[in-house]
Amino acid sequence: MIDATIANFETEVVEASRSLPVLVDLWAPWCGPCRTLGPILEKLETAYAGRFKLVKINTEDEQDLAAAFGVRSIPMGVLLKDGQPVDGFVGALPEGQIRQFLDRHVPPADEQPEPAAEAEAEAPLEPGAALERAQQALAANPGDDALRADYVLQLLLHERLDDARRTFEPLLGKLAIDPRASAIKHWLDAIEAAAQAPADEQLAARIAADRRDFDARFLLAQRRMAQRQWTAAMDELLEILMRDKEWNEQAARKAYVAVLELMAPPIPTGADGQPPAVDPTVESYRRRLSMTVLS
């Protein structure tokens, strides 16, 4: 068990969850049910013998993290895998229910691979397998827009730009009503613009000479989108928004919202009907956008 703060959150929670499931216990010293739940979670971490990691966040001391997780009631548990929240619960559940919750995500003891062996087995196979699954799902349900969007995203991740464009065409008429499709269109546009854009050094020189050279900054943001450097892209777009929210028919805001959509794939509903957990990075950048737009 470890206490997480804003300073070590990225390492102890996000990065750690890429190797094994991380269960975050959001609590406060004044919370009676938290004092009931805490010992149960600590007992289970020992009982599961390293198959998940328990991290505790004191919501009184770490209010930014609490806000990022969307905490409305405590105790609250959030389970992360591969850097993303995948499930959660609210309340001091009994030990049996927490075991059921964990068993949905934690590998059985007799199937847990050694970390090195797991990395070797999964690294070369998973990307292609995900692409194949998305292709098969769309072939079985060609009218499903969500499956089509998933397949386009996989094609873009595999740098199959021409195939992605062709597959995306049926979604072009739905950009106004489908946020996911709109976000993918922004990514496609960014990839195409980045291929024609000046080098980073030239764009940086233009920005240094004129902080209001929004064309250069927007191109730099598109290059970061093309490279899947999402937060770097949003940082550039925020620089535009802080100076001119309406620039180019709100192009910076629309691109920023698209990046948030691309960073936040649909998350399963939490346990017992509770709302799903949220990605702290996404929520942090959502707040930054709100503060900038409303300022």
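Let's start with R243, which is partly exposed, with a relative accessible area of 30%. This is a predicted model, so treat every number here as computed from it. The side chain of R243 meets that of E239 in a salt bridge, with 2.6 Å from N to O. Both residues sit in helix α12, 4 residues apart, which is about one turn of the helix. E239 is partly exposed as well, at 22% relative accessibility. That sits just on the partly exposed side of the line, because buried means under 20% relative accessible area.

Stay in α12 for a moment, since E236 belongs to that helix too, which covers residues 230-243. Is E236 buried or exposed? With a relative accessible area of 18%, E236 is buried. Once you set aside its neighbours within four places in sequence, E236 is in contact with R217, L220 and A221.

Now for some other charged pairs. Side chains of opposite charge can pair when their charged atoms come close. The structure holds 19 salt bridges, and one of them joins D213 to R206, with the closest N and O atoms 3.0 Å apart. The two ends of this pair have their own settings: D213 is buried at a relative accessible area of 14%, whereas R206 is partly exposed at 34%.

Another salt bridge takes us to helix α4. Here R99 pairs with E95, and their closest N and O atoms are 3.2 Å apart. Both lie in α4, which spans residues 95-103, and they are 4 residues apart, about one turn of the helix. R99 counts as partly exposed at 31% relative accessibility, and E95 is partly exposed with a relative accessible area of 23%. The pair is also part of something wider, as K43, E95 and R99 are linked in a network of salt bridges.

What about the buried residues of α4? They are I98, F101 and L102. Looking down the axis of α4, you'd find its buried residues within an arc of 95 degrees, so they line one face of the helix. As for what that face meets, the buried residues of α4 pack against β2 (22-27), α2 (32-47), β4 (76-81) and β5 (84-90).

Several of those partners are strands, so the sheet comes next. Strands of a sheet pair through backbone hydrogen bonds, either parallel or antiparallel. In this model, 5 strands form an open sheet in the order β1-β3-β2-β4-β5, and the pairing is mixed. β1 (2-3) and β5 stand at the edges with a single partner strand each, so one side of each has no neighbour in the sheet. For β1, strand β3 (residues 53-58) is a pairing partner: the two run in the parallel sense and pair over 2 bridges. You can pick out I2 standing opposite V55 in β3.

Helix α2 brings the sheet back into view from another angle. It lies across β2, β3 and β5, and α2 runs at about 155 degrees to β3.

Which cysteines form the disulfide? The structure holds 1 disulfide, and C31 and C34 form it, with their sulfur atoms 2.4 Å apart. The link of C31 and C34 is right-handed, with 85 degrees about the S-S bond. Both ends are out of the way of solvent by the numbers: C31 counts as buried at 2% relative accessibility, and C34 is buried with a relative accessible area of 6%.

Finally, a few backbone details that are worth a look if you care about torsions. The peptide bond from I74 to P75 is cis, with omega near 0 degrees. P75 lies in the loop between α3 (63-68) and β4. In the loop between β4 and β5 you'll find D82, and the phi of D82 is near 55 degrees, a positive value in a residue other than glycine. D82 counts as exposed, at 55% relative accessibility. N248 has a positive phi too, of about 50 degrees, although N248 is not a glycine. N248 is found in helix α13 (residues 247-263), and N248 is partly exposed, with a relative accessible area of 48%.

Definitions and conventions: Residues numbered from 1 in each chain as written. Predicted model: local features only at pLDDT ≥ 70, side-chain atom pairs only at ≥ 80, totals over all residues. Heavy atoms only, no water. Buried < 20%, exposed > 50% of the residue type's maximum accessible area, 1.4 Å probe, protein only. Contact = heavy atoms within 4.5 Å. Salt bridge = Lys/Arg side-chain N within 4 Å of Asp/Glu carboxyl O. Arc of directions from axis to C-beta. Pairing = 2+ DSSP bridges. Axes fitted to C-alpha atoms, helices over the stretch in contact; angles between N-to-C directions. Disulfide = S-S within 2.5 Å.
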